[in-house]
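Work through the following exercises on pairs of charged side chains, with the structure open beside you. Each task is followed by a solution that goes step by step.

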Amino acid sequence: MNVAEPGSAEVAVLLPGTGSDDEFVRSVFEVPFAAVCVRAVTPKPVPGPGVAQACLDALDEAAAHGPVIAGGVSFGAHLAAEWALTRPDRCAGLVLALPGWHGEPGDAPGAVSARVAADLVRARGVDGALAVATDGAPPWLAAELTRSWRGYGDGLADSLATAAARPAPTLDALSGLDMPAGIAACTDDAVHPREIADAWVKALPRATMCTTRLDVVGVDPEALGRAAVLAWLRAGGH
(Lines give C-alpha, C1' and ligand atoms only; values in the text may rest on other atoms or scores of the structure.)
Protein backbone atom coordinates (compact mmCIF):
# COMPACT_ATOMS: atom_id res chain seq x y z
CA MET A 1 0.00 0.00 0.00
CA ASN A 2 1.43 3.38 -0.98
CA VAL A 3 -0.83 5.86 0.80
CA ALA A 4 -1.85 6.45 4.37
CA GLU A 5 -5.33 5.50 5.46
CA PRO A 6 -7.58 7.78 7.55
CA GLY A 7 -7.07 6.96 11.18
CA SER A 8 -3.96 4.86 10.52
CA ALA A 9 -0.87 4.84 12.71
CA GLU A 10 1.72 7.55 12.17
CA VAL A 11 3.14 7.26 8.67
CA ALA A 12 6.53 7.95 7.10
CA VAL A 13 6.67 8.30 3.31
CA LEU A 14 10.14 7.35 2.10
CA LEU A 15 11.51 7.97 -1.38
CA PRO A 16 14.24 6.14 -3.30
CA GLY A 17 17.50 7.57 -4.53
CA THR A 18 18.73 8.02 -8.09
CA GLY A 19 18.11 4.81 -10.01
CA SER A 20 17.16 3.03 -6.78
CA ASP A 21 13.80 1.55 -5.88
CA ASP A 22 11.17 1.02 -3.24
CA GLU A 23 12.58 -2.41 -2.32
CA PHE A 24 15.86 -0.94 -1.13
CA VAL A 25 14.14 1.90 0.75
CA ARG A 26 11.87 -0.61 2.46
CA SER A 27 14.86 -2.74 3.48
CA VAL A 28 16.43 0.36 5.05
CA PHE A 29 13.49 1.92 6.87
CA GLU A 30 10.63 -0.51 7.47
CA VAL A 31 11.94 -2.25 10.58
CA PRO A 32 13.57 0.80 12.24
CA PHE A 33 10.34 2.75 11.90
CA ALA A 34 8.21 -0.17 13.07
CA ALA A 35 10.31 -0.18 16.24
CA VAL A 36 8.95 3.29 17.04
CA CYS A 37 5.39 2.49 15.89
CA VAL A 38 5.59 4.34 12.58
CA ARG A 39 4.42 2.71 9.35
CA ALA A 40 6.87 3.06 6.48
CA VAL A 41 5.27 3.77 3.10
CA THR A 42 7.62 3.31 0.14
CA PRO A 43 6.18 4.48 -3.19
CA LYS A 44 7.41 2.62 -6.25
CA PRO A 45 9.37 4.93 -8.58
CA VAL A 46 7.75 5.97 -11.84
CA PRO A 47 10.54 5.74 -14.44
CA GLY A 48 11.18 8.55 -16.88
CA PRO A 49 11.44 12.34 -16.82
CA GLY A 50 8.52 12.56 -14.38
CA VAL A 51 10.25 10.47 -11.72
CA ALA A 52 10.68 13.42 -9.32
CA GLN A 53 7.16 14.75 -9.71
CA ALA A 54 5.71 11.30 -9.09
CA CYS A 55 7.54 11.19 -5.75
CA LEU A 56 6.18 14.60 -4.77
CA ASP A 57 2.70 13.50 -5.80
CA ALA A 58 3.00 10.39 -3.61
CA LEU A 59 3.78 12.60 -0.63
CA ASP A 60 0.79 14.82 -1.42
CA GLU A 61 -1.47 11.79 -1.68
CA ALA A 62 -0.37 10.37 1.66
CA ALA A 63 -0.50 13.76 3.42
CA ALA A 64 -4.10 14.32 2.29
CA HIS A 65 -5.07 12.13 5.27
CA GLY A 66 -2.93 13.96 7.81
CA PRO A 67 0.66 15.08 8.39
CA VAL A 68 3.36 12.57 7.48
CA ILE A 69 7.04 12.15 8.14
CA ALA A 70 8.85 12.72 4.84
CA GLY A 71 12.14 11.16 3.99
CA GLY A 72 14.25 9.09 1.69
CA VAL A 73 17.70 8.17 0.54
CA SER A 74 19.96 10.45 -1.53
CA PHE A 75 17.81 12.03 -4.25
CA GLY A 76 14.77 10.88 -2.31
CA ALA A 77 16.01 12.88 0.68
CA HIS A 78 16.32 15.97 -1.52
CA LEU A 79 12.75 15.54 -2.75
CA ALA A 80 11.41 15.02 0.76
CA ALA A 81 12.96 18.30 1.91
CA GLU A 82 11.76 20.05 -1.26
CA TRP A 83 8.23 18.85 -0.57
CA ALA A 84 8.40 19.96 3.08
CA LEU A 85 9.22 23.49 1.95
CA THR A 86 5.92 23.65 0.04
CA ARG A 87 3.83 21.72 2.60
CA PRO A 88 5.25 22.58 6.02
CA ASP A 89 1.85 22.12 7.68
CA ARG A 90 1.67 18.56 6.27
CA CYS A 91 5.18 17.49 7.28
CA ALA A 92 5.57 16.05 10.78
CA GLY A 93 9.31 15.59 10.45
CA LEU A 94 12.15 14.71 8.10
CA VAL A 95 14.24 11.54 7.97
CA LEU A 96 16.99 12.07 5.39
CA ALA A 97 19.71 9.59 4.51
CA LEU A 98 22.75 10.47 2.41
CA PRO A 99 21.95 13.89 0.93
CA GLY A 100 24.19 14.43 -2.09
CA TRP A 101 24.23 18.19 -2.57
CA HIS A 102 22.45 21.43 -1.73
CA GLY A 103 21.37 24.00 -4.28
CA GLU A 104 22.48 23.38 -7.85
CA PRO A 105 23.99 19.93 -8.41
CA GLY A 106 27.05 21.26 -10.25
CA ASP A 107 29.97 18.85 -9.94
CA ALA A 108 28.69 17.06 -6.83
CA PRO A 109 29.89 13.44 -7.01
CA GLY A 110 26.35 12.05 -7.01
CA ALA A 111 25.25 14.32 -9.85
CA VAL A 112 28.34 13.54 -11.92
CA SER A 113 27.84 9.82 -11.33
CA ALA A 114 24.20 9.99 -12.42
CA ARG A 115 25.04 11.97 -15.56
CA VAL A 116 27.72 9.49 -16.52
CA ALA A 117 25.36 6.59 -15.86
CA ALA A 118 22.61 8.16 -17.98
CA ASP A 119 25.01 8.59 -20.90
CA LEU A 120 26.21 5.03 -20.47
CA VAL A 121 22.68 3.64 -20.53
CA ARG A 122 21.88 5.60 -23.69
CA ALA A 123 25.05 4.35 -25.36
CA ARG A 124 25.02 0.70 -24.27
CA GLY A 125 21.55 -0.10 -22.99
CA VAL A 126 20.68 -1.16 -19.47
CA ASP A 127 22.58 -4.45 -19.51
CA GLY A 128 25.67 -2.91 -21.11
CA ALA A 129 25.66 -0.09 -18.59
CA LEU A 130 25.29 -2.56 -15.73
CA ALA A 131 28.32 -4.49 -16.93
CA VAL A 132 30.39 -1.33 -16.55
CA ALA A 133 28.73 0.00 -13.37
CA THR A 134 29.03 -3.25 -11.45
CA ASP A 135 32.59 -4.10 -12.50
CA GLY A 136 34.56 -4.16 -9.27
CA ALA A 137 31.59 -3.05 -7.15
CA PRO A 138 30.89 -4.80 -3.84
CA PRO A 139 28.54 -7.74 -4.45
CA TRP A 140 25.67 -6.19 -2.48
CA LEU A 141 25.84 -2.97 -4.49
CA ALA A 142 26.08 -4.84 -7.78
CA ALA A 143 22.97 -6.82 -6.84
CA GLU A 144 21.06 -3.66 -5.87
CA LEU A 145 21.97 -1.89 -9.10
CA THR A 146 21.11 -4.90 -11.22
CA ARG A 147 17.64 -5.27 -9.72
CA SER A 148 16.71 -1.60 -9.57
CA TRP A 149 18.14 -0.50 -12.94
CA ARG A 150 16.40 -3.34 -14.75
CA GLY A 151 13.20 -2.34 -13.00
CA TYR A 152 13.42 1.12 -14.59
CA GLY A 153 13.69 -0.41 -18.07
CA ASP A 154 13.49 2.09 -20.91
CA GLY A 155 12.94 4.94 -18.43
CA LEU A 156 16.28 4.51 -16.69
CA ALA A 157 18.37 7.03 -18.63
CA ASP A 158 15.77 9.80 -18.31
CA SER A 159 15.34 9.03 -14.61
CA LEU A 160 19.08 9.28 -13.98
CA ALA A 161 19.39 12.49 -16.00
CA THR A 162 16.42 14.07 -14.22
CA ALA A 163 17.94 13.39 -10.82
CA ALA A 164 21.36 14.65 -11.89
CA ALA A 165 19.96 17.98 -13.09
CA ARG A 166 17.51 18.78 -10.28
CA PRO A 167 18.61 21.29 -7.64
CA ALA A 168 18.29 20.26 -4.03
CA PRO A 169 17.00 22.81 -1.51
CA THR A 170 19.54 25.52 -0.77
CA LEU A 171 20.97 25.89 2.71
CA ASP A 172 18.98 29.10 3.12
CA ALA A 173 15.79 27.25 2.23
CA LEU A 174 16.60 24.40 4.62
CA SER A 175 16.94 26.94 7.44
CA GLY A 176 13.19 27.52 7.18
CA LEU A 177 12.22 23.91 7.92
CA ASP A 178 11.39 24.12 11.62
CA MET A 179 10.56 20.47 12.30
CA PRO A 180 12.47 17.50 13.75
CA ALA A 181 14.98 16.30 11.17
CA GLY A 182 17.19 13.24 11.35
CA ILE A 183 20.15 12.98 8.99
CA ALA A 184 22.11 9.81 8.31
CA ALA A 185 25.53 9.79 6.65
CA CYS A 186 28.04 7.09 5.81
CA THR A 187 31.58 8.06 6.72
CA ASP A 188 33.05 6.01 3.86
CA ASP A 189 30.71 7.16 1.07
CA ALA A 190 32.48 9.29 -1.54
CA VAL A 191 29.29 9.74 -3.61
CA HIS A 192 27.41 11.28 -0.66
CA PRO A 193 30.13 13.17 1.20
CA ARG A 194 29.86 13.54 4.95
CA GLU A 195 30.52 17.26 4.48
CA ILE A 196 27.21 17.67 2.65
CA ALA A 197 25.31 15.98 5.47
CA ASP A 198 27.12 18.24 7.96
CA ALA A 199 25.97 21.30 6.00
CA TRP A 200 22.37 20.09 6.00
CA VAL A 201 22.47 19.51 9.75
CA LYS A 202 23.85 22.98 10.39
CA ALA A 203 21.23 24.59 8.15
CA LEU A 204 18.17 22.77 9.50
CA PRO A 205 16.98 24.39 12.74
CA ARG A 206 16.09 21.14 14.54
CA ALA A 207 18.39 18.50 13.11
CA THR A 208 20.79 15.93 14.43
CA MET A 209 22.91 13.37 12.59
CA CYS A 210 24.00 9.79 13.17
CA THR A 211 26.51 7.95 11.02
CA THR A 212 27.26 4.46 9.84
CA ARG A 213 29.40 2.99 7.07
CA LEU A 214 28.62 1.66 3.61
CA ASP A 215 30.39 -1.60 4.38
CA VAL A 216 27.96 -2.07 7.27
CA VAL A 217 24.94 -1.14 5.14
CA GLY A 218 26.06 -3.74 2.63
CA VAL A 219 25.38 -6.52 5.12
CA ASP A 220 22.70 -4.75 7.18
CA PRO A 221 20.66 -2.17 5.22
CA GLU A 222 18.67 -1.38 8.36
CA ALA A 223 21.82 0.21 9.82
CA LEU A 224 21.19 3.22 7.60
CA GLY A 225 17.56 3.40 8.68
CA ARG A 226 18.46 3.03 12.34
CA ALA A 227 20.92 5.90 12.06
CA ALA A 228 18.34 8.17 10.41
CA VAL A 229 15.49 7.26 12.76
CA LEU A 230 17.70 7.63 15.84
CA ALA A 231 18.81 11.06 14.64
CA TRP A 232 15.15 12.03 14.12
CA LEU A 233 14.25 10.88 17.63
CA ARG A 234 17.16 12.85 19.09
CA ALA A 235 15.95 15.92 17.18
CA GLY A 236 12.58 15.68 18.92
CA GLY A 237 10.69 13.33 16.60
CA HIS A 238 7.68 11.44 17.89
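In this predicted model, Asp220 is partly exposed, with a relative accessible area of 23%.

**Exercise 1.** Find the salt bridge that Asp220 forms, and state how exposed its partner is.

*Solution.* Start from the rule that a side-chain nitrogen of Lys or Arg must lie within 4 Å of a carboxyl oxygen of Asp or Glu. Asp220 meets this rule with Arg226, since the closest N and O atoms of the two are 2.5 Å apart. Then turn to accessibility: Arg226 has a relative accessible area of 41%, and therefore counts as partly exposed, between the limits of 20% and 50%.

**Exercise 2.** Decide whether Asp21 is buried or exposed, and describe its salt bridge with Arg147.

*Solution.* The relative accessible area of Asp21 is 8%, which is under 20%, so Asp21 is buried. Its closest contact of N and O atoms with Arg147 is 2.9 Å. Next, place the two residues: Arg147 belongs to helix H5 (residues 139-152), whereas Asp21 sits in the loop between strand E1 (11-15) and helix H1 (22-34), and the pair links parts of the chain 126 residues apart. Arg147, at 26% relative accessibility, is partly exposed. Finally, a network of salt bridges links Asp21, Glu23, Glu144 and Arg147.

**Exercise 3.** Work out which parts of the chain are tied together by the salt bridge between Asp60 and Arg87.

*Solution.* The closest N and O atoms of Asp60 and Arg87 are 3.0 Å apart. Asp60 lies in helix H2 (residues 51-63) and Arg87 in the loop between helix H3 (75-86) and strand E4 (91-97), so the bridge ties together parts 27 residues apart in sequence.

Conventions:
Residues numbered from 1 in each chain as written. Predicted model: local features only at pLDDT ≥ 70, side-chain atom pairs only at ≥ 80, totals over all residues. Heavy atoms only, no water. Helix = DSSP H or I, 4+ residues; strand = E, 2+ residues; numbered from the N terminus. Buried < 20%, exposed > 50% of the residue type's maximum accessible area, 1.4 Å probe, protein only.
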